[in-house]
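Colleague: I have a model open and would like a close look at one part of it. Could you start there and then walk me through whatever else is worth a look?

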Amino acid sequence: MMINYQRTNVKFLTVLYGIIEGFYCDLEMNKEEALFLDTWLLELGSSIYLNEQSREIYELTKQFTNKFLSFPNGFPEGKILDELLTELELLQDKVAEKLDDFMQTCSDDEQVEYYPVIITNEFQGLCKGLIADGNIAIEEVRCLVDWLDENNFLEDDPLIRVFYKYFRNIDIDNLSSNEFELLKNLLIDFCGSNTEGIADGLSLGNSFFDNVEDLDLNGKVVQLTGKFKYGSRKKCAELAINQGAIVIDDFRLDLDYLIVGCFNSRDWLQQSYGRKIMIAKEYQDKRNHKVKIISELQWINEE
């Protein structure tokens with residue numbers, strides 16, 4: 001089994017690969033995207049351990065963002081931009097080589113086990129890259145559709161399937177402004193970033209939560225997951241108990257609410273949306289379970 005620091009480094013590489021794909025798919029790159037990548041690296045570098053191979057990629061990526069942002073107003077143009085895009089493509093190739101090296105060390109069974117996780121992490125990165133500048137162009141939409149088609153096994157993923165559902169009845173060549181806005185919000189809500197300077201660390205957005213009116217936890221069975229703005233898990237549990245809830249640690253068939261903290265966990269060992277959310281979604285979709293997945297903000301605002 002892949003030990004924790006290996007998982008962390010593999011996730012770093014796969015998310016970075018996806019981010020670069022999101023930048024490069026429209027054959028353009030701008031200051032906002034470079035700033036996003038620079039911020040992501042800064043936030044990441046202070047929170048996880050990178051091994052020697054990943055640190056090499058980290059430093060090369062940092063050098064690239066520094067070079068890109070060194071031009072007047074952060075807008076390299078013409079031949080210089082073409083050269084930088086070529087450099088970005090070569091950087092992505094280096095990331096792919098590191099990932100291939102890792103997979104070569106795995107047994108056949110391990111490769112089968114890890115591949116879906118790696119692809120899911122790449123999708124998170126792709127979403128970050130596509131929305132990094134706060135906009136999504138039609139070329140980027142086509143890139144997203146092609147990626148989803150190539151990895152159609154992810155339609156079984158309890159959260160990524162939302163994207164498949166979105167595109168099922170959409171004419172991508174004639175997207176309305178409302179459809180563009182909905183897709184933009186889906187990307188932001190899924191990848192845990194926004195257009196206000198936060199590149200990572202947020203939990204899922206409203207697109208992936210259940211709408212519960214007049215929330216009342218009295219007598220309800222509740223589970224907490226993620227990192228909470230309100231405070232420690234213990235503090236949050238105490239608040240829920242004071243509201244009359246029964247707080248549990250493990251998923252039970254009588255679970256009423258899974259409450260998700262505003263922030264992602266920093267451990268990077270699972271998908272950003274976490275195993276508990278995946279279990280709850282599976283129970284909703286495949287077993288018609290009553291559990292509702294709600295955000296910390298909805299809960300605290302109701303308090």
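Colleague: Which helix is Glu 89 found in?

Modeller: Keep in mind as we go that this is a predicted model. Glu 89 is found in helix H4, which covers residues 78–104. As for cover, Glu 89 is partly exposed, since its relative accessible area comes out at 33%, and the window for that label runs from 20% to 50%. Glu 89 also has company: together with Asp 93, Glu 97, Asp 100 and Asp 101, it gathers in a patch of negative charge on the surface. A residue needs over 30% relative accessible area to join a patch, so Glu 89 makes the cut with its 33%.

For a contrast, hop over to helix H5, residues 108–131, where you'll find Gly 129. Gly 129 counts as buried because its relative accessibility is 0%, and the buried label applies under 20%. If you want a ruler on it, try Cys 106: from Gly 129 the separation is 23 residues in sequence and 28 Å in space, going C-alpha to C-alpha.

Now for strand E1, residues 221–225. This strand is mostly covered, with 5 of its 5 residues buried. Look at which way the residues point: Val 221, Gln 223 and Thr 225 go one way from E1, while Val 222 and Leu 224 go the other, and all are buried. That alternation is what you'd look for, as side chains in a regular strand alternate between the two faces of the sheet. Next to consider is the pairing. E1 pairs with strand E2, residues 246–248, in the parallel sense, over 3 bridges. To pick out a partner, take Gln 223, whose bridge partner in E2 is Ile 248.

Last, a couple of backbone oddities in the loops. Most residues other than glycine have a negative phi. Leu 27 isn't a glycine, yet it has a positive phi of about 55 degrees. You'll find Leu 27 in the loop between helix H1 (4–24) and helix H2 (31–45). Leu 27 is labelled exposed because its relative accessible area is 54%, and that label takes anything over 50%. Asp 214 is the other one to check: again a positive phi of about 55 degrees in a residue that is not a glycine. Asp 214 is found in the loop between helix H8 (177–191) and E1, which takes you back to the strand we just went through. Asp 214 counts as exposed too, because its relative accessibility is 69%.

Methods: Residues are numbered from 1 along each chain as its sequence is written. This is a predicted model: local features need pLDDT of at least 70, side-chain atom pairs count only at pLDDT 80 or more; totals for chains, interfaces and linings use all residues. Side-chain values use heavy atoms; hydrogens and water are left out. Patches are made of residues with over 30% relative accessible area and no salt bridge: like charges are joined within 9 Å, nonpolar side chains (Val, Leu, Ile, Met, Phe, Trp, Tyr) within 5 Å. Accessible areas come from the Shrake-Rupley method with a 1.4 Å probe; for residues, only the protein chains shown count as cover. A salt bridge is a side-chain nitrogen of Lys or Arg within 4 Å of a carboxyl oxygen of Asp or Glu. Lys and Arg count as positive and Asp and Glu as negative; His and the chain ends are not counted. The place of a charge is taken as NZ of Lys, CZ of Arg, CG of Asp or CD of Glu. Helices (H or I, at least four residues) and strands (E, at least two) are DSSP runs, numbered from the N terminus. Buried means under 20% relative accessible area, exposed over 50%, partly exposed in between (1.4 Å probe, protein chains only). Two strands pair if DSSP finds at least two bridges between them.
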